[in-house]
Amino acid sequence: MGRAARRAGGCILAALLILPAAPARSLTLDVGLLGVCRTVQSASIRDVYGNGFAAVPFLEARVYDGLSLALGYELGYDRSGTIGLYEEPTGLSVHGWEAFLRWDVTGRRWTPYLKAGVAGFRYEQTIESAVPLTDRARGRKTAPLVGAGLRAKLGGRMRVPVTVVPGGLSLQRIDEIS
């Protein structure tokens, strides 16, 4: 884990220590489900697997007005395709978690926000090949998470967020490993 990820993790830990100190009247819990569009940056990997969609259930604790702590788990980006000279079946699976603080600039119908935290991902690429592969594309990555967004209030407790979080997970295709 890199230095930035350790710092982000430390911030989340500090927030967890602050959570019990929050006044009981301001502490609220929300459970929700987000839809995440995954965009593959590498053209060669995108040609095989394409872009995808993942669901992220989350738990959010609103500690103070405008300040929340959230945990979510990405159920996964699972894609398949064919690869290489012999068009062998292949699959790519990416699953992850995130923990972050979100600061809302309270609005009535539209609420802009900033979020910062840490995210961890696990990925695996498989190829069904007649030739046994000794190298596997499999790994984990933890990185800082920083983003901004806008939430629309639809009524009652229903809100629709749109968030932009730049970042990436670097993969090397198995057929490129020597």
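A polar contact is a pair of N or O atoms within 3.5 Å; within protein, one of the two must be able to donate a hydrogen and the other to accept it. Keep that in mind for Arg62, which we'll meet further down. What you have in front of you is a predicted model.

**The overall picture**

Let's start with the whole protein. Its secondary structure comes to two helices and seven strands, and along the sequence they follow the pattern α-β-α-β-β-β-β-β-β. Of the 178 residues, 35% are buried. The accessible surface is about 11,200 Å², and 60% of that belongs to carbon and sulfur atoms. Now look at contacts between residues at least 6 apart in sequence: 59% of them join residues at least 24 apart.

**How confident is the model?**

The mean pLDDT of the protein is 77, with 70% of the residues reaching 70 or more. Among the elements, helix 1 (residues 3–18) has the lowest mean pLDDT, 60, while strand 4 has the highest, 89. Over residues 173–178 the pLDDT is below 50, though this stretch still has 17 contacts in the model beyond near neighbours in sequence. Where pLDDT is low, the predicted coordinates should not be read in detail.

**Strand 4 and its neighbours**

Strand 4 is a good place to zoom in. Why can we call strand 4 largely enclosed by the rest of the structure? Because 13 of its 17 residues (88–104) are buried, and a residue counts as buried when its relative accessible area is under 20%.

Strand 4 pairs with two other strands, and here is how those pairings look:

| Pair | Sense | Bridges | One bridge pair |
|---|---|---|---|
| strand 3 (residues 67–83) and strand 4 | antiparallel | 15 bridges | Gly81 and Thr90 |
| strand 4 and strand 5 (residues 110–127) | antiparallel | 15 bridges | Leu101 and Ala116 |

Strand 3 and strand 4 form a hairpin with four residues between the strands, and in it Gly84 takes a positive phi near 80°. Glu87 sits in the loop between strand 3 and strand 4 as well. Phi of Glu87 is near 50°, a positive value in a residue other than glycine. Most residues other than glycine have a negative phi.

On the other pairing, Ala116 belongs to strand 5. Is Ala116 buried or partly exposed? Its relative accessibility is 40%, so Ala116 counts as partly exposed. Ala116 and Arg102 are 14 residues apart in sequence, yet their C-alpha atoms are 6.6 Å apart in space.

**The nonpolar core**

Which residues make up the largest nonpolar core? There are 10 of them: Val40, Ile45, Val48, Tyr49, Tyr77, Ile83, Leu92, Val94, Tyr123 and Ile127. Helix 2 (43–49), strand 3, strand 4 and strand 5 are the elements that give two or more residues to this core. Helix 2 gives the most, with three residues.

**Back to Arg62**

Now for the residue promised at the start. Arg62 lies in strand 2 (residues 52–64). With a relative accessible area of 19%, Arg62 is buried, because the cut-off is under 20%. The side chains of Arg62 and Glu60 are joined by a polar contact of 3.4 Å, and that value fits the definition we opened with, within 3.5 Å.

Methods. Residues are numbered from 1 along each chain as its sequence is written. Side-chain values use heavy atoms; hydrogens and water are left out. Buried means under 20% relative accessible area, exposed over 50%, partly exposed in between (1.4 Å probe, protein chains only). Two strands pair if DSSP finds at least two bridges between them. A nonpolar core is a set of buried Ala, Val, Leu, Ile, Met, Phe, Trp, Tyr and Cys residues joined through side-chain atoms within 4.5 Å. Contact means heavy atoms within 4.5 Å. Accessible areas come from the Shrake-Rupley method with a 1.4 Å probe; for residues, only the protein chains shown count as cover. pLDDT is the predictor's confidence in each residue, from 0 to 100.
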